[in-house]
Amino acid sequence: MSRTLAFLTATRGGARLHWTDWASYGYLFLGVFLMFFPVVWLVLSSFKTEADLQRYPPTFLPYQQQTITLDGYADPLPLFEITGGEHEGKILAQLRRVGLRAQMVDPADPETRLTIDIGDRVPVERFTLATENYSDLFGRFNFLLYFWNSTFITVTATLIMLLTNSMAAFALSKYQFRGRTVVLLLVIGTLMIPQTVVLVPLFLIVTELGMFNSLWGVIIPGAATPTGVFLLRQYMLTIPDEILDAARMDKASEWKIYWRIILPLSAPAIAVLAILAIMWRWNDFLWPLIVLTQSENFTLQLALNSFQGELQTQWSALLAMTVLTLLPIAMVFMFLQKYIATGIASTGGK
Amino acid sequence: MAAIELREVRKAYGAAEVIKGIDLQIAHGEFCVFVGPSGCGKSTLLRMISGLEDISGGDIAIGGEVVNDIPAADRGLAMVFQSYALYPHMTVRQNLSFGLENINTPKGEIAAKVGEVARMLQIEQLLDRRPKDLSGGQRQRVAIGRAVVREPRVFLFDEPLSNLDAELRVDMRGEIAALHRRLGNTMIYVTHDQVEAMTMADKIAVLRLGKLEQFGRPLDLYNRPANLFVAGFIGSPKMNFLTGQVDPGDRTLLHLDTGEMLRLPAAGFGQVAGEKVTLGIRPNHLRVAEDGPVTVHVRSVEQLGGESYVYGATATGAPVTVHSPGQTRIAMDETIRVGGNESDIHLFDSESGLSLREG
């Protein structure tokens, strides 16, 4: 902890702050602001009510107008503070607004109706989190179903991808066979073809195979990625062949060499690929949008999209769901990010 | 029984032939060393015997059975690699048991065997460590242990000591020799160090450029080298070579290129009159003598206390080393005369390099 603090408050040294200290910290704070402000704004906005979201000018923190329930009135009444006229300083509940005047009552004396100029009153507001944005997701919208769909696709696709890619990388890095370079070049060559180009043919294949509107239609086409094969191959090249020879002398089958020797030794590269794969699958939008048309198959990203209607957008639900969608990927990244640096560093050179 | 027989074994990578037809018989229980300069094909030959490398021609038989098409795993061999090739992600115990697990040995038996081997190699206290936490010598022991634990018919060692420091190398040399005495298995050991070869081997195979130069007992190679290469390679310091021509009229008289003359033995060598020959004599057989036939200009002197080496060159620049017991008073830039016994000389044909020794 003290080391973290020392790191965060590091300076160039000397009694006073050097101008480079000011410049560095200024630059870093700017960076932090640029990176974090949108996220903070998103999270705070997700706790605002629909009315609060529409307010202009917007407030930073979520506020809600206070209401009061009075005998004789069915609905809760909004409270206002009176800033002018004979009732100045009082807090009154509004019954209805008629043109430029409002009919109000004093909560202490609900029988007497008062007429107030609307310019003389300001709403009584208090910082309140609109948690119903979140609870609605589980009640009114089928959040858990979308969450499950997204999770299932991400986990299954990542596992299949790691398995197939590592097997391909093993073959391409450790076996000598005719056409090995050609295969590798083909794999790398597919990197040059943008996904949008193969979208239509891929769609036709998926439909022919009966995977349209099925989660597998999203999982299978993304199972093999040239990036993954290449990344793992480069890493496996650094594993000495003598270890494989030793395993062969130890009567290990080729499958066992792959499973017991190659996979554990490639763990850093596999961790990197796993993180990338999870992020790709979780944030994938275009392909699921094409394959999945029924709402019970929607992933979170598709569900988010469906909140954005042609005529109106449910911003409160949209923002709340966005926050929940961000959370898992942020967690994954937080726990696994140290592997990215080590993994990428060790795939670079021997 | 695990005698090994190589018949006309060849290996080619495309057009480049690296093993050019080798015939060799290693008897059961023999400790055979393949020795040669780097690039002579000794490691390739070992890998061919192990099955890790295909052979391009000929036959390899282990225990009388031709194993050309049998995969490495099924030949019943174990190999110790130059880089040790321990599995870095496994503990020493797992390294030792991996091979036994692969042949479905029961758990209790694995534990017993691993324990026994660990005791024998004194690595018991290391069993739960990983290879990266071991020193070079310890890693070497584990690598040997991994080979021993599977009780193979034949052990193959691929330059196992080349990564160790000099002192440790001497120790491990003794241990491997002791291991061989205890287990009695056939062992093939590859090295470029002729001292290792001389000290450990029952039989030495000297290889050069993919060919077998000579195969035999260490002292036979030392005393009766078949050609110039073996004569120069076996023995330290190197044998001295002096080139010359046999007198056209008298086959016992040799005219050295330096212009000096010396007598050759009348019997024992098949030299003919007028032949260009190379005379070889080991540094410890040379003596400094007033009446010695060869003049040597001394370039440097090494005094080790108990023994001394004098390095010099003849008039034609051929290097000459004289090894003498005790200390010497010869100094740099002196000119000395040296000679030796007729019985200690070796004679080779200068063109073919083959020994002219008869019988």
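Which residue in E5(B) is the bridge partner of Ala61(B)? I looked this up before anything else and found Val66(B).

**Ground rules.** I am working from a predicted model, in which local features need pLDDT of at least 70 and side-chain atom pairs count only at pLDDT 80 or more, while totals for chains, interfaces and linings use all residues. Residues are numbered from 1 along each chain as its sequence is written, and chains are lettered from A and ligands numbered from 1 in the order in which they are written.

**Strands of chain B.** I noted that E4(B) (residues 57-62) pairs with strand E1 (residues 4-13) of chain B in the antiparallel sense over five bridges; strands are DSSP runs of at least two residues, helices (H or I) runs of at least four, both numbered from the N terminus, and pairing requires at least two bridges found by DSSP. Within that pairing, Arg7(B) has Asp59(B) as its bridge partner in E4(B). E4(B) is also joined by two bridges to E5(B) (residues 65-66), again running antiparallel, and the hairpin they form has two residues between the strands, with Gly63(B) in the turn showing a positive phi of about 60°.

**Gly353(B).** I located this residue in the segment after strand E20 (346-349) of chain B. Why is Gly353(B) partly exposed? I put it in that class because 16 other C-beta atoms lie within 10 Å, where 20 or more would make a residue buried and 12 or fewer exposed, with C-beta atoms placed from the backbone. Beyond four places in sequence, I found Gly353(B) in contact (C-beta atoms, placed from the backbone, within 7 Å) with Asn227(B), Leu228(B), Phe229(B) and Phe348(B). I also recorded 9.9 Å between the C-alpha atoms of Gly353(B) and Val230(B), which are 123 residues apart along the chain.

**Cores.** I then turned to the largest nonpolar core (buried Ala, Val, Leu, Ile, Met, Phe, Trp, Tyr and Cys residues joined through C-beta atoms within 7 Å), which has 144 residues. Ile188(B) is among those with the most contacts inside this core, and its contacts beyond four places in sequence include Phe34(B), Val154(B) and Leu156(B). A second, separate core of nine residues includes Phe80(A) and Met104(A).

**Between the chains.** I counted 17 residues of chain B in contact with 14 residues of chain A. Strand E6 (77-80) and helix H2 (92-102) of chain B each give two or more residues to the side of chain B that touches chain A.

Note on methods
Contact = placed C-beta atoms within 7 Å.
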